[in-house]
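Student: I would like to work through this structure with you, one question at a time, and to have each answer reasoned out before its value or name is given.

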Amino acid sequence: MLTTGQDVFLQLPTTSTVRLLHTGAFVEYEDGIHIAAFDEGSFTPEVDQEVFIYHMIRKEFMQQPACIRAIMQDESKLRVAFETTGDPVSAESRQCYRVVTALADLTTTIGDEQHCRLLDVSATGFSGMSNSEYPKGKTVEATLFFQGKEFKGQATIQSIKELDPGRTRYGLYCTDERGSDLTKGLQKISMAVQRQQLRRQAGAA
């Protein structure tokens, strides 16, 4: 939970690989809505825009997906009301071990694009190769395919890396609650691929 006066940083959706954070201070919380004050003119947020917020939790710098619900002018400050849409995760390092799936011939759907190559998975997210353009912070529909089953849910673009013209690697964080369809798929694929890798290593020993 954010506390009054605590520093909060906001990142607008962008296709840039450079993380640009706008500094503000948390001022109010009511009925699930957080309000933070930022210097006027420092940036131009929009209502219903999907963003990332960054703040400290127990001395660790964390990031969290959110959606802007209102924008208000207050003297020289711009007040932004936002609702968090997922749990906070570390902004400094990967919270969960990721398993490489590039050799497993698995695919995923990212947004409207089907048959995206699945590159790696963890218990909380995955990365895939796409021909489409998405800004960082965008929440999309995602589907994982494994052993004849589909696992659908919401995921937020966390990282962007251009591989070559027309192909981009997107790292996504699952914003659905634990135990949801997509999180079950992530856990199932992660464990299955790890077991396959361990069997190959045992056979080569």
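Student: Is Tyr54 buried or exposed, and at what relative accessibility?

Tutor: This is a predicted model, and the values discussed here are computed from it. Buried means under 20% relative accessible area, and Tyr54 falls under that cut-off, so Tyr54 counts as buried, at a relative accessibility of 1%.

Student: With which residue does Tyr54 form a stacked aromatic pair?

Tutor: The whole structure holds 4 aromatic pairs. In the pair that concerns us the ring centres lie 5.6 Å apart with 25 degrees between the planes, and planes under 30 degrees apart count as stacked, so this pair is stacked. The partner is itself buried, with a relative accessible area of 16%. The residue that stacks with Tyr54 is Phe61.

Student: Phe9 and Phe61 also form an aromatic pair; which geometry does that pair have?

Tutor: Phe9 lies in strand S1 (residues 7–11) and Phe61 in strand S5 (residues 60–74), so that the pair links distant parts of the chain, 52 residues apart. Their rings are 5.9 Å apart centre to centre, with 75 degrees between the planes, and because an angle over 60 degrees is required for the class, the geometry is edge-to-face.

Student: Which residues are linked into a cluster by ring pairs?

Tutor: Two of the pairs have already been described, Tyr54 with Phe61 and Phe9 with Phe61. Taken together, ring pairs link into a cluster Phe9, Phe52, Tyr54 and Phe61.

Student: Turning to charged side chains, with which residue does Arg169 form a salt bridge?

Tutor: Arg169 is in strand S14 (residues 167–174) and is buried, with a relative accessible area of 16%. The closest N and O atoms of the salt bridge are 3.2 Å apart, and the pair links distant parts of the chain, with the partner in strand S10, 49 residues away. That partner is also buried, at a relative accessible area of 8%. The residue is Asp120.

Student: Leaving aside its neighbours within four places in sequence, which residues is Asp120 in contact with?

Tutor: The side chains of Asp120 and Arg169 are joined by a polar contact of 3.2 Å, which places Arg169 among the residues asked for. The full list for Asp120 is Arg98, Val99, Val100, Thr101, Phe126, Ser127 and Arg169.

Student: Which residues are linked with Arg69 in a network of salt bridges?

Tutor: Arg69 in strand S5 and Glu83 in strand S6 (residues 77–84) are 14 residues apart, and their closest N and O atoms are 3.0 Å apart. Arg69 counts as partly exposed at 37% relative accessibility, as does Glu83 at 31%. The residues linked with Arg69 in the network are Asp48 and Glu83.

Student: Which element gives the most residues to the largest nonpolar core?

Tutor: In soluble globular proteins, nonpolar side chains tend to be buried together. The largest nonpolar core here has 24 residues, of which Ile110, Val121, Phe126, Leu144, Leu172 and Ile189 touch the most other members. At least two residues each come from strands S10, S12, S13 and S14 and from helix H1. The element that gives the most, with 5 residues, is H1.

Student: Where in the chain is confidence lowest?

Tutor: The mean pLDDT of the chain is 85, and 88% of its residues reach 70 or more. Confidence is highest in strand S9 (residues 107–110), at 96, whereas the lowest, at a mean of 78, is found in H1.

Note on methods. Residues numbered from 1 in each chain as written. Predicted model: local features only at pLDDT ≥ 70, side-chain atom pairs only at ≥ 80, totals over all residues. Heavy atoms only, no water. Phe/Tyr/Trp six-rings, centres within 6.5 Å; stacked < 30°, edge-to-face > 60°. Helix = DSSP H or I, 4+ residues; strand = E, 2+ residues; numbered from the N terminus. Buried < 20%, exposed > 50% of the residue type's maximum accessible area, 1.4 Å probe, protein only. Core = buried A, V, L, I, M, F, W, Y, C linked by side-chain atoms within 4.5 Å. Polar contact = N/O pair within 3.5 Å; in protein donor to acceptor, adjacent residues only side chain to side chain. Contact = heavy atoms within 4.5 Å. pLDDT = per-residue confidence, 0-100. Salt bridge = Lys/Arg side-chain N within 4 Å of Asp/Glu carboxyl O.
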